[in-house]
Amino acid sequence: MSPICLAPEAWPEPERTAWRRALMPRQGLYGEGGAAAGRPESTIVNVAEGVGHWLAFLVSEGALEPVETPLARITPARLDAFVTRLRQRGNAARSIAGWIGGLCSGLRWMQPGCDVGFIRRPRGVPISRALGVEAKVVSTVDSLDLYAWAAALSEAGMARLHSRVGRAAVRDGALLGLLALFAPRVGELAATKLRDHLYEEGASFRLHLPGSITKTGRGRGFVLPEPLAGLMRRYLEHVRPHWQPSSGDPHLWLSLRRRALNRKVIQEIVANRVEAWTGERRRPHWFRKCLTTTAALRGASFAYDTALVMGHSPTVALRHYNMATAVEAADRHAERLRRMRDETRALAMRFYDEQRSGTRR
């Protein structure tokens with residue numbers, strides 16, 4: 001049976017060589033490195049997955065002819081057959097669009113300067129639209145409500161601190177409280193270490209996220225407000241010491257198995273807790289949507305400051321602020337319509353009564 005996705009070590013020689021070159025780190029102050037140098041590990045994995053699906057398809061078709069460059073394998077007919085195969089396997093349009101996007105990024109990394117526009121925009125239409133990807137409509141929750149739930153979870157955990165369930169609740173309360181108020185990315189959470197990134201400052205804690213662990217490569221930091229600092233202190237004093245491995249792992253978030261929580265485990269913890277709260281499985285990135293929307297509804301300056309804390313650009317803040325003001329405008333319009341209905345209801349009822357009684361001709 002042909003593989004569904006090829007790992008980079010199983011790629012043909014042209015792709016393997018070009019991929020290694022793309023991932024070469026920068027050397028010295030002026031060295032450029034490969035086209036993918038400095039990219040987050042998660043981005044590299046996603047791009048490799050897109051290329052891997054494409055190459056696995058070519059293997060299944062017996063179409064891996066010797067070529068000089070990865071782009072030389074691309075033809076419109078093969079791309080159409082690739083999409084058809086993915087659809088036949090039951091893959092969603094959004095997943096297919098993501099893999100094609102990864103393939104395009106991979107080609108640009110492996111062959112800097114190559115034109116992949118015909119792949120991203122078949123007949124000038126964005127690939128997502130061409131595939132029929134529907135825009136996601138995701139409901140959000142006020143971030144202060146999310147924080148209140150996290151605080152209640154921590155409180156419930158303290159009442160059962162002798163049990164694994166209680167200790168996990170205290171840890172998750174601190175984790176979810178941090179997500180509610182500051183919404184760090186999941187990769188940043190997994191990489192955070194005590195003393196290196198989280199350390200005491202006065203009566204609270206400062207969380208410093210250097211560029212080496214952020215998605216954008218730009219560092220940021222903030223002091224945890226009370227009572228969030230209290231949730232963090234509960235975890236550090238009452239739970240984490242029980243889970244500290246003998247190796248002295250410095251990662252902030254540990255499991256009851258005495259291991260650092262990786263990205264996947266954090267995603268599952270958050271999804272399970274949010275599902276218990278709202279009935280819907282939401283992952284850490286959803287907290288960024290909630291916080292951005294909450295801030296935007298409170299004003300443009302709040303939206304801008306929150307975007308900086310989250311590591312967003314001002315453009316993102318402005319876009320969400322405009323969306324929020326549109327929501328407010330729609331609410332005001334609906335309220336005006338309600339008042340108009342109330343004002344005309346008496347007149348409408350009298351007209352209806354007259355029609356029924358036949359008094360109006």
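## Burial and the R171–D172 pair

Buried means under 20% relative accessible area. D172 has a relative accessible area of 3%, so this residue is buried. The structure is a predicted model, and the values below are computed from it.

D172 is the partner of R171 in a salt bridge, with 2.8 Å between the closest N and O atoms. R171 is also under the cut-off: its relative accessible area is 6%, and R171 is therefore buried. Both charged side chains of this pair are thus classed as buried.

## Confidence

The mean pLDDT of the protein is 86, and 82% of the residues reach at least 70. Helix α8 (residues 164-182) has the highest confidence, at 96. The lowest is found in helix α14 (residues 314-357), where the mean is 57. Where pLDDT is low, predicted coordinates should not be read in detail.

## Other salt bridges

The count of salt bridges comes to 16. One of them joins the side chains of E155 and R234, with an N to O distance of 2.7 Å. This pair links distant parts of the chain: E155 belongs to helix α7 (residues 143-158) and R234 to helix α10 (residues 228-243), with the two positions 79 residues apart in sequence. E155 is partly exposed, because its relative accessibility is 47%. R234, with a relative accessible area of 21%, is partly exposed as well.

E188 and R185 also meet through their side chains in a salt bridge, at 3.7 Å from N to O. E188 counts as buried because its relative accessibility is 1%. R185 stands at 16% relative accessibility and so counts as buried too. Elsewhere, E268, E275, R281 and R283 are joined into one network by salt bridges that share partners.

## Positive surface patch

R26, R39, R108 and R120 form a positive surface patch. Of these residues, R120 is placed in helix α5 (residues 117-120). R120 has a relative accessibility of 30% and therefore counts as partly exposed.

## A contact between distant sequence positions

N46 and G102 are 56 residues apart in sequence, while their C-alpha atoms are 6.3 Å apart in space. N46 is located in helix α2 (residues 41-61). Its relative accessibility is 48%, so N46 counts as partly exposed.

## Backbone features

The peptide bond joining E226 and P227 is cis, with omega at about 10°. P227 is found in the loop between β3 (220-223) and α10. Helix α10 is also the element that holds R234, the partner of E155.

Two arginines have positive phi angles although neither is a glycine. For R123, phi is about 55°. R123 sits in the loop between α5 and α6 (127-130), and helix α5 is the element that contains R120 of the positive patch. R123 is exposed, because its relative accessible area is 82%.

For R195, phi is about 70°. The loop that holds R195 runs between α9 (186-191) and β1 (198-201). With 62% relative accessibility, R195 therefore counts as exposed.

Key
Residues numbered from 1 in each chain as written. Predicted model: local features only at pLDDT ≥ 70, side-chain atom pairs only at ≥ 80, totals over all residues. Heavy atoms only, no water. Patch = residues over 30% accessible without salt bridge, like charges linked within 9 Å, V, L, I, M, F, W, Y side chains within 5 Å. Areas by Shrake-Rupley, 256 points an atom, 1.4 Å probe, with all protein chains shown as cover. Salt bridge = Lys/Arg side-chain N within 4 Å of Asp/Glu carboxyl O. Lys, Arg positive; Asp, Glu negative; His and termini not counted. Charge placed at Lys NZ, Arg CZ, Asp CG, Glu CD. Helix = DSSP H or I, 4+ residues; strand = E, 2+ residues; numbered from the N terminus. Buried < 20%, exposed > 50% of the residue type's maximum accessible area, 1.4 Å probe, protein only. pLDDT = per-residue confidence, 0-100.
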